[in-house]
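Colleague: Before I use this model in my own calculations, I should like to question you about its fold and its charged contacts. May we begin with the strands?

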Amino acid sequence: MDILDKNECYENIFKLLNELRIFFRRNTREGIIVRGFDGIPISEYPFEVVREAIINAIAHRDYSIDTSPITFYIYEDRIEIISPGKLLFPVSIENLGTGNPAHRNKNICYILSKTRYMEHVGTGIKRMKETMKEEGLKEPEFIEEGESFKVILWRREEENNIKNIAGQQFKNYDNLNLNKRQIKALKIMKKEDKKITMKDYEKMFKISRQSAYRDLKKLTENELIIKEKKGRSNIYKIGKNIYIN
């Protein structure tokens, strides 16, 4: 098999994730579905699922196996992520993502839990499955092989899945009379896959709590953002199927 591109990364976790994004963009295809006057970007794989698989590999691999790295392969029809170490008991392929998580590397998981990459510990596998299903893709496959754990992500079957995405109701904000703050916040949240709180919004635009409340309320009512509970506070994430120029 010919190797068309290769990259070895020995950086810290956050630089590694940036290198992953660059490598992924360089070696997968993106297109645009024209729907009305809008161009809807579409890729072979949802990048958030790819990133989640790598985050899980970093967080849960067996670091006592120092002869094998985490590997990330892009084939013609699939992506494979392989990490050293089997699943940690009592987690198994059958109950993966459905029960309480088991942490092999608690310090790494703790660090990641303080970032946007692993805000809800133990929900990554579920989110991967849900995202693939929402985009009409096959569910990820999880396999134990010897002393390693493999995740397989299957490429979009172009004809069927482009129809699936083209049929979805993509939301645009053009006719909602949003103010500049709201539009800027949506762009940041979409581009950076960022979640924010009301306090973040206040600081971002140097406005009062009452103004921030009104802005976020309108975005929530129009399902452009989704409100979640995190402890005693509310946290907002970008809504599904939002197209932003």
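Colleague: How many residues lie between β3 and β4 in their hairpin?

Modeller: Strands here are DSSP runs of E with at least two residues, and helices are runs of H or I with at least four, numbered from the N terminus. Two strands pair if DSSP finds at least two bridges between them, and β3 and β4 pair in the antiparallel sense over 4 bridges. Within this pairing, Ile-74 stands opposite Ile-79 of β4. The number of residues between the two strands of the hairpin is 3.

Colleague: Which pLDDT value must side-chain atom pairs reach to count?

Modeller: Residues are numbered from 1 along each chain as its sequence is written, and side-chain values use heavy atoms, leaving out hydrogens and water. The model is predicted, and totals for chains, interfaces and linings use all residues, whereas local features need pLDDT of at least 70 and side-chain atom pairs count only at pLDDT 80 or more.

Colleague: Which residue of β6 stands opposite Ile-81?

Modeller: Strand β4 also pairs with β6, in the antiparallel sense and over 7 bridges. 6 of the 7 residues of β4 are buried (under 20% relative accessible area; exposed is over 50%, partly exposed in between; 1.4 Å probe, protein chains only), so β4 is largely enclosed by the rest of the structure. The residue opposite Ile-81 is Val-151.

Colleague: Is Phe-72 buried or exposed, and at what relative accessible area?

Modeller: Phe-72 belongs to strand β3, residues 71-74. Contact means heavy atoms within 4.5 Å; beyond four places in sequence, Phe-72 touches Leu-20, Phe-23, Phe-24, Val-50, Ile-54, Ile-79, Glu-80 and Ile-81. Its C-alpha lies 10.0 Å from that of Lys-150, a residue 78 places away in sequence. Phe-72 counts as buried because its relative accessible area is 17%.

Colleague: How far apart are the end C-alpha atoms of α2?

Modeller: 12 of the 14 residues of α2 are buried, so the helix is largely enclosed by the rest of the structure. Its buried residues, among them Val-50 and Ile-54, pack against α1, β3, β4, α3, α4 and β6. The expected span of a helix is 1.5 Å times one less than its number of residues. For α2 (residues 47-60) that gives 20 Å, which agrees with the distance between its end C-alpha atoms, 20 Å.

Colleague: What is the N to O distance between Lys-150 and Glu-145?

Modeller: Side chains of opposite charge can pair when their charged atoms come close. A salt bridge is a side-chain nitrogen of Lys or Arg within 4 Å of a carboxyl oxygen of Asp or Glu, and both residues belong to a network of salt bridges that also links Asp-77, Arg-78 and Glu-80. Lys-150 is buried at 10% relative accessible area, whereas Glu-145 is partly exposed at 39%. The closest N and O atoms of the pair are separated by 3.3 Å.

Colleague: How many residues apart are Lys-86 and Glu-147?

Modeller: These two residues form a salt bridge whose closest N and O atoms are 4.0 Å apart. The pair links distant parts of the chain, with Lys-86 in the loop between β4 and α3 and Glu-147 in the loop between β5 and β6. Lys-86 is partly exposed at 39% relative accessibility, while Glu-147 is exposed at 52%. Their separation in residues is 61.

Colleague: Which residue forms a salt bridge with Glu-202?

Modeller: Glu-202 is buried, its relative accessible area being 16%. Its partner counts as exposed, with 52% relative accessibility. The N to O distance is 2.9 Å, and the partner is Arg-209.

Colleague: Which residue do both Ala-185 and Asp-215 touch?

Modeller: Ala-185, in helix α6, is buried at 2% relative accessible area, and Asp-215, in helix α8, is buried at 5%. Beyond four places in sequence, Asp-215 is in contact with residues including Asn-179 and Arg-181, and Ala-185 touches Phe-205. The residue that appears in both contact lists is Tyr-201.

Colleague: Which residue takes a positive phi in the hairpin of β7 and β8?

Modeller: Strands β7 and β8 run antiparallel and are joined by 6 bridges. Lys-230 has Ser-233 of β8 as its bridge partner. The hairpin has 2 residues between the strands, and the residue with a positive phi near 65° is Gly-231.
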